[in-house]
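User: Let's go through the empty spaces in this one, pockets and cavities alike. Can you take my questions as they come?

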Amino acid sequence: MTAKQNARALLCALLFVGELSLAGSLSSQGMRGIIRKESFGKAASGARIDLYTLSNKKGMEVAITNFGATVVALKVPDRAGKAADVVLGFDTLEGYENGTAYFGATVGRYGNRIGGGQFSIDGKTYTLPKNNGNNTLHGGIVGFNKKVWKAIAAKDGESLEMSYLSVDGEEGFPGNLSVKVAFTLPADRNELKIDYTATTDQDTVLNLTNHSYFNLAGEGNGDILDHVLMLHAKRFTPVDKTLIPTGELRDVAGTPLDFTTATAIGKRISENYEQLVFGKGYDHNWVLARAESEKGLTLAAEAYDPKSGRKLEVLTTEPGVQFYSGNFLDGSAKGKGNKAYGQRAAFCLETQHFPDSPNHPNFPGTLLKPNSVFHSQTVFRFSAK
Ligand code: BGC
């Protein structure tokens, strides 16, 4: 940073603290967390968009924009203490406005697919715009990832809270849905904790997740086929060729989707197993062990990059995780530093309810009713060894 940029960042930080004290969430002892606020440009709609950077003394930094409540950068140290940005993304707001891969975004109102773009509640059918063949993917044509969210700092500067009101009928979904996503970087731990809260004034369905694409060697640093993955799940939800679950819960044992022991992502990805052919690699929902027996926040997945020594653990209160091995990345969208992100340049671990749940009564339910509060939590925890 130049001295001028530094001075600007400091001024922005002070202005943001000003907003905080107005909001009454500034502690008299001083802030535990540090949040820097700067402009991220103007959206095509004319809205001013900001970039908020949370950092702690353990060497972790997370940049989040209120465009799509999107994680733009996530820097964590390797085994030698050297930090790198481990998520794919863009340098500019324009990248996110034009992007189609959901880099780092908050996905909603319904993450992943709804088959045939239709579901029913109490006998009433709702029809959604289709944006993925015959299906609706990630909330429709203009999902939460393309919306402008409101941001305020909370919890003594350790959290950034984003809120958005999705109005009744938006992308075909019923009910005014008020959503809050709180991103927390604790002062003393290298983890990003995401808390989702939502309320509605009519029965609706929802499935909220974060769509960060991780490469623990650093974004743009080759593919993730050598990363070693473990998924705490004994079953997955097989899909048809349009990636809609058939309704079956299949044992992973004896299939290339068995990650109950740590296995390199690339080891079996090209096997001629129908599910891998349909997904062009891994693009499936695993039924987390926690969904079957445990309650609360539990370990869902562990990914390790042997080169850098960086490890990611994913904990969640959700019943499923979509492990997507970046199969549809083709290098056409230029990312940070003008890097081309090719196929399998990153992986996603999207904690969620199962795809197409509204059409599968045997899956955990995604219905939200008025007068009840939806809450879900996911933690991305980092270490290095
Ligand atoms: C889906 C993929 C899709 C990707 C980007 C993932 O959650 O499962 O099929 O290509 O998101 O939209």
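User: Which strand gives the largest share of the lining of the second largest pocket?

Analyst: This is a predicted model, with local features needing pLDDT of at least 70 and side-chain atom pairs pLDDT 80 or more, while totals for chains, interfaces and linings use all residues. Numbering runs from 1 along each chain as its sequence is written, and side-chain values use heavy atoms, without hydrogens and water. A pocket is an open set of points on a 1 Å grid over the protein atoms alone, with protein on both sides within 12 Å along at least five of seven lines, and lining residues have an atom within 4 Å of a point. Strands are DSSP runs (E, at least two residues), numbered from the N terminus, and the one supplying four residues here is S1.

User: What volume does that second largest pocket have?

Analyst: Volume here is the space filled by probe spheres set on the grid points, which are joined across faces, edges and corners. Leu51, Ala63, Val72, Ala73 and Lys75 are the closest to its centre among 17 lining residues. For the second largest pocket, the space comes to about 330 Å³.

User: And how many cavities of 30 Å³ or more are there?

Analyst: A cavity is a set of points where a 1.4 Å probe fits but cannot get out. The largest has a volume of about 50 Å³, and the second largest holds about 40 Å³. The count at 30 Å³ or more is two.

User: Which strand supplies the largest share of the largest cavity's lining?

Analyst: Asp283, His284 and Pro355 are among the residues lining the largest cavity. The largest share, three residues, comes from the strand at residues 283–288, S21.
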